[in-house]
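Here is a set of exercises to work through with the model open beside you. Try each task on your own, then compare your steps with the solution.

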Amino acid sequence: MEILTQRLQMHPMRPEEWRDILSIFEDFSASPAAAYDYPLPTSEEKVRQQVRIWSESGFFYSVCLRDHSRVIGYLCFPAEENREDERELGYLFHRQWHGKGYAQEAAAAMILQLQRQYGISRFTARLALENEASRRLAERLGFVQVGEESRVFHKNPDGSGKVERCGIFERKV
């Protein structure tokens with residue numbers, strides 16, 4: 001399944017895209033936003049393995065500009081536990097492409113496609129409330145905050161770490 005928008009092309013993630021995903025992971029790991037998510041692998045071997053697993057899942061989508069094939073970000077829609085009609089939205093884009101509306105354009109198109117193709121009736125997003133950009137994106141996509149939870153994204157060797165307040169957002173169809 002390939003989805004086209006005015007500026008973007010989305011398709012199921014492919015194992016051969018691992019180098020682009022590695023670049024996105026390395027960029028993210030060096031960014032302030034890395035504090036608001038779990039650590040991502042940055043070794044070639046681990047990224048190859050992760051991309052292979054994601055490409056087999058069927059719910060990870062690479063996002064490319066229409067005029068070239070380089071992956072600028074990705075979207076994921078894993079199933080909610082025991083709920084095939086619900087999906088959790090996840091996304092990550094290289095910082096070079098932030099602030100241009102690409103994440104919103106891609107996510108809006110994919111949500112619509114998943115509604116039509118699979119009958120998905122509820123989407124959720126869990127994100128650190130301090131991550132203003134992600135919170136605003138979720139709201140622009142029609143998500144509303146319905147709850148809150150605490151998460152520790154980066155644990156110290158003793159298991160402790162900074163507790164982040166995370167919002168649980170949902171969008172019903």
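## Exercise 1: Surface and overall build

**Task.** Find the accessible surface of the protein and the share of it that belongs to carbon and sulfur atoms. Then describe the overall build of the fold.

**Solution.**

Step 1. The accessible surface of the protein comes to about 9,200 Å², and 46% of that belongs to carbon and sulfur atoms. Keep in mind that you are looking at a predicted model.

Step 2. Now go through the secondary structure: the protein has 4 helices and 10 strands. Their order along the sequence is β-β-α-α-β-β-β-β-β-α-β-α-β-β.

Step 3. Turn to the dimensions. The C-alpha trace spans about 45 × 40 × 30 Å along its principal axes. A compact globule of 173 residues would have a radius of gyration near 16 Å, and the protein agrees with this because its own value is 16 Å.

Step 4. Finish with burial and contacts. Of the 173 residues, 44% count as buried. Among contacts between residues at least 6 apart in sequence, 63% join residues at least 24 apart.

## Exercise 2: Charges and a helical pair

**Task.** How far apart are the mean positions of the positive and negative charges? Then examine the salt bridge between Arg135 and Glu139.

**Solution.**

Step 1. The protein has 24 positive and 26 negative charges, and their mean positions are 3 Å apart.

Step 2. Recall the principle: side chains of opposite charge can pair when their charged atoms come close. A search of the whole structure finds 14 salt bridges.

Step 3. In one of these, the side chains of Arg135 and Glu139 meet at 3.4 Å, N to O. That falls within the 4 Å cut-off for a salt bridge.

Step 4. Place the pair on the fold. Both residues lie in helix α4, which covers residues 132-140, and they are 4 residues apart, about one turn of the helix. Glu139 has a relative accessible area of 40%, so this residue is partly exposed.

## Exercise 3: Buried or exposed partners?

**Task.** For the salt bridges Glu164 with Lys162 and Glu170 with Lys172, decide whether each partner is buried or exposed, using under 20% relative accessible area for buried and over 50% for exposed.

**Solution.**

Step 1. Start with Glu164 and Lys162, whose side chains meet at 3.4 Å, N to O. Glu164 counts as buried because its relative accessibility is 3%. Lys162, with a relative accessible area of 52%, is exposed.

Step 2. Go on to Glu170 and Lys172, where the closest N and O atoms are 3.8 Å apart. Glu170 has a relative accessible area of 13% and is therefore buried. Lys172 reaches 59% and so counts as exposed.

Step 3. Look for further links around the second pair. Glu170 and Lys172 belong to a network of salt bridges that also includes Glu86 and Arg122.

## Exercise 4: Four residues and their surroundings

**Task.** Where do Ser134, Glu80, Ala34 and Val146 lie? Give the contacts of each, leaving aside residues up to four places away in sequence.

**Solution.**

Step 1. Ser134 is found in helix α4. Its relative accessible area of 13% makes Ser134 buried, and Ser134 touches Tyr91 and Leu127 beyond its sequence neighbours.

Step 2. Glu80 sits in strand β5, residues 79-80, and is buried with a relative accessible area of 14%. Its contacts away from the sequence neighbours are Glu86, Arg87, Glu88, Thr124 and Arg126. Recall that Glu86 also appears in the salt-bridge network of Exercise 3.

Step 3. Ala34 lies in the loop between α1 (18-29) and α2 (44-57). Despite that loop position, Ala34 counts as buried at 12% relative accessibility. Outside its nearby sequence neighbours, Ala34 is in contact with Phe28, Ser29 and His154.

Step 4. Val146 is in strand β9, residues 144-152. With a relative accessible area of 45%, Val146 is partly exposed. Val146 touches Ile168, Phe169 and Glu170, and Glu170 is the buried partner of Lys172 from Exercise 3.

How values were computed. Residues numbered from 1 in each chain as written. Predicted model: local features only at pLDDT ≥ 70, side-chain atom pairs only at ≥ 80, totals over all residues. Heavy atoms only, no water. Helix = DSSP H or I, 4+ residues; strand = E, 2+ residues; numbered from the N terminus. Rg over C-alpha atoms; globule rule 2.2 N^0.38 Å. Buried < 20%, exposed > 50% of the residue type's maximum accessible area, 1.4 Å probe, protein only. Contact = heavy atoms within 4.5 Å. Areas by Shrake-Rupley, 256 points an atom, 1.4 Å probe, with all protein chains shown as cover. Lys, Arg positive; Asp, Glu negative; His and termini not counted. Charge placed at Lys NZ, Arg CZ, Asp CG, Glu CD.
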